[in-house]
Amino acid sequence: MSTPKISSIHIYPIKSMGGITLSEAEVEMRGLQHDRRYMLVSPEGRFLTQRQTPELGRFHLTYNPDKTGFIVTFQGDTITIPLSLDFPNHQTQWASVWDNSLEVLRAESSINQWFSERLQREVVLVYQPNNSPQQVSLADGYPILILSEASLTALNQKIKQDNPQAAAMHMLRFRPNVVLSQLQPHEEDSLGTFQLGTTTLQIVKPCSRCILTTIDPITLERGDEPLRTLSTYRKENNKILFGANALCLNPGKIGISH
């Protein structure tokens, strides 16, 4: 088996919004540090995703210059939110991600108002605190998504064979946390337990993909790719698989390989 190298690292601090590309990251048991610890919810606490609210893709995040918070940008407007809400006197509420309910911390009203105005509906920004009993971040199921460059290259080649005019799929369309090189296509599925940097990861299973992958992360246009092509060679038990879900067995640090 090949020895994988890291070619890129990504976190998505607010679930279903734009990501931040990093050169290195701390890996915690819940996932990469700051990854999907925030999310927007309805007043009833139901989580929002791009599946039903594609405008979430228009929110872009960066660290502020001193890395004490995140700058969120939406069509030229910005707001800064703290790295976490883990400090006293924050209001708690219940929120749900699919069938899981958890107690979360609620952002202050001025932040919630800013997001509500831009989405033109009432929403609340919530945060998963460090003392949450849930052992995974606010991700849909698993804390870390691994994808190889080779898998994406193979997919793009198959799409081009069928439609020479098709634009290449961008890696960010699949929202990976860690992109690996030096692997064969889909070899990430069978890495088992392996070392990256000073952390130990374990592949749990291939990742089943949803309609979110058909939204271009830059233009937000929807199409039938990549699911149409993936379904021809990566479909098992009515699920379309691309990339691999992983757990952290031993926290540590990872960095891009040079």
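Two strands count as paired if DSSP finds at least two bridges between them. In this predicted model, strand S5 and strand S11 (residues 124-127) meet that condition, since 4 bridges join them and they run antiparallel. The briefing below covers two open sheets, the helix that lies across their strands, the nonpolar cores, a further helix and two cysteines.

**The sheet containing S5 and S11**

- The strand order in this open sheet of 4 strands is S5-S11-S10-S9, and the pairing is antiparallel.
- Strand S5 (38-41) and strand S9 (92-97) form the edges, and because each has a single partner strand, one side of each is left without a neighbour in the sheet.
- From one strand to the next, the twist averages 50 degrees.
- Within the pairing of S5 with S11, Tyr38 stands opposite Tyr127 of S11.

**The sheet containing S6, S7 and S8**

- Another open sheet, of 3 strands, follows the order S6-S7-S8, again with antiparallel pairing.
- Its edges are strand S6 (59-63) and strand S8 (77-82), each of which has a single partner strand, so one side of each lacks a neighbour in the sheet.
- Neighbouring strands here are turned against each other by 25 degrees on average, with direction ignored.
- S6 is joined by 5 bridges to strand S7 (residues 69-74), and the two run antiparallel; Phe59 has Phe74 in S7 as its bridge partner.

**Helix H1 and the two sheets**

- H1 lies across S5, strand S10 (100-106) and S11, and its direction makes an angle of about 130 degrees with S11.
- H1 also lies across S6, S7 and S8, where it runs at about 145 degrees to S8.

**Nonpolar cores**

- The largest nonpolar core holds 46 residues, and those with the most contacts inside it are Ile14, Leu40, Phe59, Val72, Phe115, Leu125 and Leu180.
- Helix H1 (residues 109-119) gives the most to this core, contributing 4 residues.
- A second core, separate from the largest one, has 13 residues, including Leu147, Leu155, Ala166 and Met171.
- Leaving aside residues up to four places away in sequence, Leu180 touches a set of residues that includes Pro4, Ile6, Ile146, Leu147, Leu191, Phe194 and Leu196; Lys5, Ser7, Ser148 and Glu149 are also among the residues that Leu180 touches.

**Helix H2**

- Helix H2 (residues 149-162) has 14 residues and spans 20 Å from its first C-alpha to its last, which is close to the 20 Å expected at 1.5 Å a residue.
- The buried residues of H2 are Ala150, Ser151, Leu152, Ala154, Leu155, Asn156 and Ile159, and they pack against strand S12 (144-148), helix H3 (227-230) and strand S17 (239-250).
- Leu155, one of these buried residues, is also included in the second core of 13 residues.

**Cysteines**

- A disulfide is a covalent bond between the sulfur atoms of two cysteines.
- The search of the whole structure finds 0 disulfides, and Cys207 is accordingly in none, with the nearest cysteine sulfur, that of Cys210, 8.3 Å away.
- The cut-off for a disulfide is a pair of cysteine sulfur atoms within 2.5 Å, and the sulfur of Cys210, at 8.3 Å from the closest cysteine sulfur, in Cys207, is therefore too far away for a bond.
- Cys207 is buried, with a relative accessible area of 11%, whereas Cys210 counts as partly exposed at 24% relative accessibility.

Methods:
Residues numbered from 1 in each chain as written. Predicted model: local features only at pLDDT ≥ 70, side-chain atom pairs only at ≥ 80, totals over all residues. Heavy atoms only, no water. Buried < 20%, exposed > 50% of the residue type's maximum accessible area, 1.4 Å probe, protein only. Expected span 1.5 Å × (residues − 1). Contact = heavy atoms within 4.5 Å. Core = buried A, V, L, I, M, F, W, Y, C linked by side-chain atoms within 4.5 Å. Axes fitted to C-alpha atoms, helices over the stretch in contact; angles between N-to-C directions.
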